[in-house]
Amino acid sequence: MLKLKNVKIPVIVYMLVILVMVWQGTGIWLEINSELGIYIDLGAFIFCVSDSLLAYQRFKCPLKFGNSLVLCTYYVGQHFLAKSSVINSVN
């Protein structure tokens, strides 16, 4: 298990970038209110959940089935983000 104090600044910067991604995804969904916006927002949010689970496991304590939860949420989030790009290229 890593000590957060050793990588505190990079973790904070990465966390802020991920939160901006979720904020922008929600803004897009609220602005265009379509299937594309929902996929972008869902993808960003679920990706944030994945990274939050990963950070919790890495810096706090391991979770039962933690690796599986991280990977499942990661792939679901990436699926929605990829689906939004396919929808956007078709329209």
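This is a short walk through a predicted model, one selection at a time.

**Stop 1: the start of H1**

Begin with helix H1, which covers residues 8-32, and pick out Ile 9 within that helix. Is Ile 9 buried or exposed? With a relative accessible area of 63%, Ile 9 is exposed, because anything over 50% counts that way. Now add Ile 12, Val 13, Met 15, Leu 16, Val 17 and Leu 19 to your selection; together with Ile 9 they form a nonpolar patch on the surface of about 640 Å². Showing these side chains as a surface is a handy way to view the patch.

**Stop 2: the loop after H1**

Next, select Asn 33, in the loop that links H1 to helix H2 (35-59). Its relative accessible area is 61%, so Asn 33 is exposed. Take a look at the backbone here too: Asn 33 is not a glycine, yet its phi is positive, at about 40 degrees. Most residues other than glycine have a negative phi.

**Stop 3: the largest core**

Which residues make up the largest nonpolar core? Select Leu 36, Tyr 39, Ile 40, Ile 46, Phe 80 and Ile 87, six residues in all. Colour them by helix and you can follow how H2 and H3 each supply at least two of them. H2 gives the largest share of this core, with four residues.

Another core lies apart from this one; it has five residues, including Ile 18, Val 22, Ala 44 and Phe 47.

Now centre on Leu 36, a member of the largest core. Leaving aside residues up to four places away in sequence, Leu 36 touches Ser 84, Ile 87 and Asn 88.

**Stop 4: from the second loop into H3**

Move on to Phe 65, in the loop between H2 and helix H3 (66-90). Phe 65 has a positive phi of about 60 degrees although it is not a glycine. With a relative accessible area of 59%, Phe 65 is also exposed.

Then select Gly 66, which belongs to helix H3. Is Gly 66 buried or exposed? Gly 66 is buried, because its relative accessibility is 2% and the cut-off for buried is under 20%.

For a last step, draw a distance between the C-alpha atoms of Gly 66 and Val 22: they are separated by 22 Å, and the two residues are 44 apart along the chain. Val 22 is one of the residues you met in the five-residue core.

Technical notes:
Residues are numbered from 1 along each chain as its sequence is written. This is a predicted model: local features need pLDDT of at least 70, side-chain atom pairs count only at pLDDT 80 or more; totals for chains, interfaces and linings use all residues. Side-chain values use heavy atoms; hydrogens and water are left out. Patches are made of residues with over 30% relative accessible area and no salt bridge: like charges are joined within 9 Å, nonpolar side chains (Val, Leu, Ile, Met, Phe, Trp, Tyr) within 5 Å. Accessible areas come from the Shrake-Rupley method with a 1.4 Å probe; for residues, only the protein chains shown count as cover. A salt bridge is a side-chain nitrogen of Lys or Arg within 4 Å of a carboxyl oxygen of Asp or Glu. Helices (H or I, at least four residues) and strands (E, at least two) are DSSP runs, numbered from the N terminus. Buried means under 20% relative accessible area, exposed over 50%, partly exposed in between (1.4 Å probe, protein chains only). A nonpolar core is a set of buried Ala, Val, Leu, Ile, Met, Phe, Trp, Tyr and Cys residues joined through side-chain atoms within 4.5 Å. Contact means heavy atoms within 4.5 Å.
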